[in-house]
Each structure stands twice: as C-alpha cells, then as structure tokens.
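Subject: Structure handover

Hello,

Here is the structure I promised, with the sequence. Please open it alongside this message. My notes follow below.

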Amino acid sequence: MDFFQKANCDRCGKKLTVRTMSMFNSDTICLDCKKKEEAHPDYVRARQAEREAVRRGDGNYSGIGLPPDLR
Ligand SMILES: [Zn+2]
C-alpha cells in the first residue's frame, strides 16, 4: 500500500500518527519502531548501505533486510 495511505505501523500494528520509513526494509513504521531501529547495532550499516544506494542512483533499493530481532 502507498506510504501515505497507511493507517497502521507495518511492524507493531499501532495506529500511525507520525510515519517514517524503515532503514532496514521498505516498511512504513511509527516513531517507537524507528527508535528501536536506531538503537540496533546494524542501524549504522543499514544507513551506510542506503546512502550508497542513493549515490548509485538505485531507486529500487529496499534495504539490507530487517534484523530478525526487530520483527
Ligand atoms: Zn510501530
């Protein structure tokens, strides 16, 4: 579904008031889930990989994948 049409967080199912994109995959997530991502040890690597994809002009980049412990 479209990013702005989503009513609930892809990860925890909570109603979205503020929405943001996951750094690990293409989920639309709430700020609580975003905070959990930012605290994850792989977050820096995910952010770096995303920057490189942007530099490559890779519009289909969908992240390094969600770490199993964040599911
Ligand atoms: Zn959430």
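Start with Phe-24. Leaving out residues up to four places away in sequence, Phe-24 touches Glu-37, His-40, Asp-42, Tyr-43, Ala-46, Ser-62, Gly-63, Ile-64, Gly-65, Leu-66, Pro-67 and Leu-70. Phe-24 also belongs to the largest nonpolar core. That core has six residues, and the others are Met-23, Tyr-43, Ala-46, Leu-66 and Leu-70. A second core of five residues is separate from it. Among its members are Cys-9, Leu-16, Ile-29 and Cys-33.

A word on confidence: this is a predicted model. The chain averages a pLDDT of 94. Of the residues, 99% score at least 70. Confidence is highest in helix 1 (residues 31-39), at 97. Strand 1 is lowest, at a mean of 94.

**Zinc site**

Which residues coordinate the zinc ion? Cys-9, Cys-12, Cys-30 and Cys-33 do, each through SG. The distances run from 2.3 to 2.4 Å. The angles among the four donor atoms are 105 to 116 degrees, and the site is tetrahedral. In sequence, the donors follow the spacing C-x2-C-x17-C-x2-C. Cys-30 and Cys-33 are both buried. Cys-9 and Cys-33 thus appear twice in these notes: as zinc donors and as members of the second core.

**Arg-11 and its partners**

Arg-11 sits in the segment before strand 1. Is Arg-11 buried or exposed? Its relative accessible area is 17%, so Arg-11 counts as buried. Two side-chain polar contacts are worth a look. One joins the side chains of Arg-11 and Asp-27, at 3.1 Å. The other joins those of Arg-11 and Asn-25, at 3.4 Å.

Sequence neighbours up to four places away aside, Arg-11 touches Ser-22, Asn-25, Asp-27, Ile-29, Cys-33, Glu-37, Leu-66 and Leu-70. Within that list, Leu-66 and Leu-70 come from the largest core, while Ile-29 and Cys-33 come from the second. Arg-11 and Cys-33 are 22 residues apart in sequence. Their C-alpha atoms are 7.2 Å apart.

Now the Asn-25 end. Asn-25 is in the loop between strand 1 (20-21) and strand 2 (28-29). Asn-25 counts as buried because its relative accessibility is 18%, under the 20% limit. Neighbours within four places in sequence aside, Asn-25 is in contact with Arg-11, Ser-62, Gly-63 and Leu-66. Phe-24 also touches Ser-62, Gly-63 and Leu-66.

**Strand 1**

Thr-20 and Met-21 need separate treatment. Thr-20 is found in strand 1. Its relative accessible area is 19%, so Thr-20 is buried. Beyond four places in sequence, Thr-20 is in contact with Phe-3, Asp-27, Thr-28, Ile-29, Cys-30, Leu-31 and Lys-34. One of these, Cys-30, is a zinc donor.

Met-21 is in strand 1 as well. At a relative accessible area of 38%, Met-21 is partly exposed. With neighbours within four places set aside, Met-21 is in contact with Phe-3, Ser-26, Asp-27, Thr-28, Ile-29 and Lys-34. Met-21 and Lys-34 are 13 residues apart along the chain. The separation between their C-alpha atoms is 8.0 Å.

Best wishes

Conventions
Residues are numbered from 1 along each chain as its sequence is written. This is a predicted model: local features need pLDDT of at least 70, side-chain atom pairs count only at pLDDT 80 or more; totals for chains, interfaces and linings use all residues. Side-chain values use heavy atoms; hydrogens and water are left out. Donors are N, O and S atoms within 2.8 Å of the metal (3.2 Å for Na, K and Ca); water is not among the atoms, so sites may look incomplete. Four donors count as tetrahedral if all angles lie between 85 and 135 degrees; four count as square planar and six as octahedral if opposite donors are over 155 degrees apart and all others between 65 and 115; anything else is irregular. Buried means under 20% relative accessible area, exposed over 50%, partly exposed in between (1.4 Å probe, protein chains only). A nonpolar core is a set of buried Ala, Val, Leu, Ile, Met, Phe, Trp, Tyr and Cys residues joined through side-chain atoms within 4.5 Å. Contact means heavy atoms within 4.5 Å. Helices (H or I, at least four residues) and strands (E, at least two) are DSSP runs, numbered from the N terminus. pLDDT is the predictor's confidence in each residue, from 0 to 100. A polar contact is a pair of N or O atoms within 3.5 Å; within protein, one must be able to donate a hydrogen and the other to accept it, and residues adjacent in sequence count only if both atoms are side-chain atoms.
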